[in-house]
Amino acid sequence: MNNHYDLEKLKTILPILARTTGGYATITNSGGRRICTVDWNGTEIKELNNEIYDLARDAGQQARPLIGVSQIVDQADAWALPIGEYVLACSNVERFKREQKFLDALIKALPMIAQVAGGEAVIFNDIGERVLSYYSNGAERHQLKGQVSKQARQAMVSQEPVVGKSFSINGAMAVRIPITEKIGFGFNNENAARQHQKLYDEVKKFQSANYCFEDIIGESEVLEKTKSMAKFVADGVSSILIYGETGTGKELFAQSVHNASERRYRPFVALNCGALPASLIESNLFGYEEGAFTGAKKGGNSGAFEQANGGTIFLDEISEMEISMQTKLLRVLQEREVVRVGGFKAQKIDVRVIASTNKELNDLIADGKFRQDLFYRLNVVQLKIPSLRERVGDIVLLVRYFIHKFASSFGKPIEDIDIGTLKILQNHPWPGNVRELQNCIESAMNMVREESILLPEHLPLYLRQGQRALQESVVVEIGHEGLNLKEALSGAEKLIIQKALEMAKYKKVKAARILGISTATLWRKLTEYGMEREKM
C-alpha cells in the first residue's frame with residue numbers, strides 16, 4: 001500500500017518535469033519497464049506503457065543516476081534517477097524537435113537572409129565552426145566550411161550577439177547571433193564592402209592621366225576636327241561634356257584634355273557614376289567624417305572632389321547618376337565647395353569638371369531622369385566623339401596599331417593583315433567601337449600559330465558569320481537577267497539594318513545610333529523596306 005501511494009505521488013510530478021525539461025517524463029520499474037509517460041503538455045502516452053526504457057533499466061540495475069539519449073529521438077538528451085523501486089526519467093525530446101524544426105526553417109531561409117542582408121549568411125555550431133553558408137545570389141558557399149570564427153565562438157560561449165569584422169572578406173562587418181546552445185547564425189555585408197573596394201579601385205584607377213592627344217589613333221577628318229576642338233578648349237576653365245557611344249574613347253579624350261591644360265601637373269581623378277549606388281558614390285565623391293556611417297574610417301576620408309582639388313575630375317557616364325545625387329552634385333558645382341557626408345564644414349574646391357555620357361541627355365531630361373539645370377552647368381563645352389562607323393578609314397591604322405601592340409606582348413610573328421581580313425573588319429558595324437575592335441584583334445592574335453599575317457580564320461566567329469551573311473544577301477539580289485546593283489545594295493542595306501535591330505534588341509533609337517543615322521532616317525528606311533512592324 002505504501003509503494004502504491006509513492007507511485008501515485010511520483011505520477012503527479014511528471015507533467016511538471018516534462019514541461020521543465022521540454023520533453024517526456026517517465027516512471028519505470030527497476031527493470032526499466034515504463035509504468036507512466038507524459039509529454040510536454042502533460043498528456044499521458046499510454047501506448048508507451050510496458051516498453052523497456054534502456055537508460056532507466058541501466059540506472060535501476062546500477063542504482064545510480066545516468067545521463068544518455070532519448071529512446072524516442074536518439075539525438076535528444078535524457079537522464080534517469082532511481083527512486084526506491086522505481087526509476088524517474090526525463091528527456092528534452094519536444095524541445096529538440098522544436099529546435100530542429102526552427103533549424104530547418106532557418107536553413108531554408110538562409111539564402112533569403114543573405115540576399116536581404118546584402119552579403120553572406122552562415123550557420124555555425126557551438127564552437128563557432130561554419131556548418132552551412134550561402135551567398136546573396138542564393139548559391140551555397142563551400143570554401144570556408146569547417147573554419148572556426150573566434151567571434152562566432154564568443155557569441156556561443158556568452159550566448160549574446162557579437163558584432164565585429166567579417167571572417168570571410170576584409171572591410172565587411174558581421175553579426176553573430178546564438179540561437180540555441182548548439183547552433184547560431186550570422187550574416188555580413190560583404191556586397192557593400194566589395195562595392196566600396198570597387199569604387200576605391202575606380203577612383204585610384206585614374207589618379208593621374210596617362211594619355212595625350214598623340215595617343216588617339218586616326219587620321220579621318222571627323223576625328224581630326226574633334227581633336228582640334230578638344231585641344232582648343234583644353235586650356236580653359238569651363239566644364240566639358242563629352243558625348244560618345246560606349247568604346248569610342250571618352251576617357252582617352254578626358255585625359256588628353258587634362259594633359260594639354262595648365263592643370264597637367266595637378267591631380268586627375270575619375271569616377272564611374274554608373275558603377276555603384278548613390279550611397280557609395282556620395283561618400284567617395286564628397287568624402288565623409290568619422291562616424292558618418294557604420295564602417296566609416298577613423299578620422300574620416302577625403303572624397304574625389306577634394307582629391308582632385310587644383311586639377312580635373314572626370315565623371316564618367318554621368319547619365320547613370322541617380323537624380324538625388326544630381327541635386328547634390330549641382331550644389332557643389334554652383335557653390336564650388338564641398339561638405340563631407342556627416343559633416344557641416346564647407347571646403348572650397350578648385351576643380352575642372354569633365355563629364356561623359358553615351359546617352360542623349362535631352363531625352364533623359366524629357367523623361368524626368370536628368371536635371372536640366374545640371375545639364376546646362378555641365379554642357380558649357382560639348383565634345384562629340386565620332387563612332388568607328390563614322391571613321392571607317394581609321395580602321396586600317398587602328399588594326400595595324402593593335403597588331404603591333406599584341407604581337408609584342410604575345411610574342412607572335414604577325415607583321416601584317418590579309419586583305420580579306422581587313423575587308424571583314426571594315427564591313428562590320430562595330431557597335432562596341434574601338435574597344436570592340438581592340439578586343440577582336442586581341443582574340444585573333446591568340447589564334448595565330450606560325451602565320452606571318454592575320455587571316456580571316458583568326459577572327460572571332462561572329463565576324464566571319466556576319467561577312468558570309470552579307471555576301472549571301474548580295475548574291476540573292478542578283479537577278480536572273482543579270483546583276484542589278486540597286487537591288488543588291490538595297491538587299492545589303494536591309495540586312496545591315498536587320499542586324500543592327502537585333503543587336504539593339506529592336507530599340508529603334510539605339511539601332512539608329514549603331515547605324516550612325518538619325519532615328520527619322522531609320523524609320524523611313526524601315527517603311528521603305530516594309531520592316532516598320534519589327535518588334536520592339
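In strand β16, S356 is the bridge partner of I242. That small link is a good place to begin a tour of this predicted model, and we can work outwards from it to the sheets, the cores and a few notable side chains.

## The parallel sheet

The bridge belongs to a wider pairing: strand β11 (residues 240-243) and strand β16 (residues 352-357) run in the parallel sense and are joined over 4 bridges. As a general point, the strands of a sheet pair through backbone hydrogen bonds, either parallel or antiparallel.

Which strands make up the open sheet with parallel pairing, and in what order? There are 5 strands, and they follow the order β12-β13-β16-β11-β17. At the edges are β12 (268-272) and β17 (381-384), each of which pairs on one side only. From one strand to the next, the twist averages 20°.

A helix is found here too. Helix α6 lies across β11, β16 and β17, and its direction is at about 155° to that of β17.

## The antiparallel sheet

Another open sheet has 5 strands in the order β2-β1-β5-β4-β3, with antiparallel pairing. Its edge strands are β2 (34-38) and β3, each pairing on one side only. Neighbouring strands in this sheet are turned by 20° against each other on average, with direction ignored.

Which helix packs on this sheet? Helix α2 does, touching β1, β3, β4 (77-83) and β5 (86-91), and its direction makes about 35° with that of β4.

Within the sheet, strand β1 (residues 25-29) and β2 pair in the antiparallel sense over 4 bridges. If you would like one bridge to look for, A25 has V38 in β2 as its bridge partner.

## The nonpolar cores

Next, the interior. The largest nonpolar core has 32 residues, and the members that touch the most others are L285, F305, I313, L315, I318 and F370. Which helix gives the largest share of this core? Helix α10 (residues 323-335) does, with 5 residues.

F370 makes a good viewpoint for looking around. Leaving aside neighbours within four places in sequence, F370 is in contact with I318, S319, I323, Q326, L361, L364, I365, F375 and L378. A second, separate core contains 24 residues, including A407, L425, L437 and M445.

## Aromatic rings

How many aromatic pairs does a search of the whole structure find? The search finds 7. Two of them are set out here.

| Pair | Arrangement | Centre to centre | Angle between planes |
|---|---|---|---|
| F213 and F253 | edge-to-face | 6.4 Å | 70° |
| F375 and Y376 | tilted | 5.7 Å | 55° |

The pair of F213 and F253 links distant parts of the chain, with the two positions 40 residues apart in sequence numbering. F213 sits in the loop between α5 (190-205) and α6 (221-233), while F253 is in helix α7 (residues 250-259). F213 counts as buried because its relative accessibility is 5%, and F253 counts as buried because its value is 1%.

What about F375 and Y376: is each one buried or exposed? F375 has 6% relative accessibility, so it counts as buried. Y376 has 54% relative accessibility, so it counts as exposed.

The ring of W40 is worth a look as well. R19 lies over the face of W40, at 4.3 Å from the ring centre. R98 also lies over the face of W40, at 4.9 Å from the ring centre.

## Two positive phi angles

Finally, two residues have a backbone angle to notice. A63 is not a glycine, although its phi is positive at about 55°. Where is A63 found? A63 is in the loop between α2 (54-62) and β3 (66-69). It counts as exposed because its relative accessibility is 60%.

Q159 is also a residue other than glycine, and its phi has a positive value near 55°. Q159 is found in the loop between α4 (150-158) and β8 (162-165). With 35% relative accessibility, Q159 counts as partly exposed.

Definitions and conventions: Residues numbered from 1 in each chain as written. Predicted model: local features only at pLDDT ≥ 70, side-chain atom pairs only at ≥ 80, totals over all residues. Heavy atoms only, no water. Phe/Tyr/Trp six-rings, centres within 6.5 Å; stacked < 30°, edge-to-face > 60°. Buried < 20%, exposed > 50% of the residue type's maximum accessible area, 1.4 Å probe, protein only. Lys NZ or Arg CZ within 6 Å of the ring centre and 35° of its normal. Pairing = 2+ DSSP bridges. Axes fitted to C-alpha atoms, helices over the stretch in contact; angles between N-to-C directions. Contact = heavy atoms within 4.5 Å. Core = buried A, V, L, I, M, F, W, Y, C linked by side-chain atoms within 4.5 Å.
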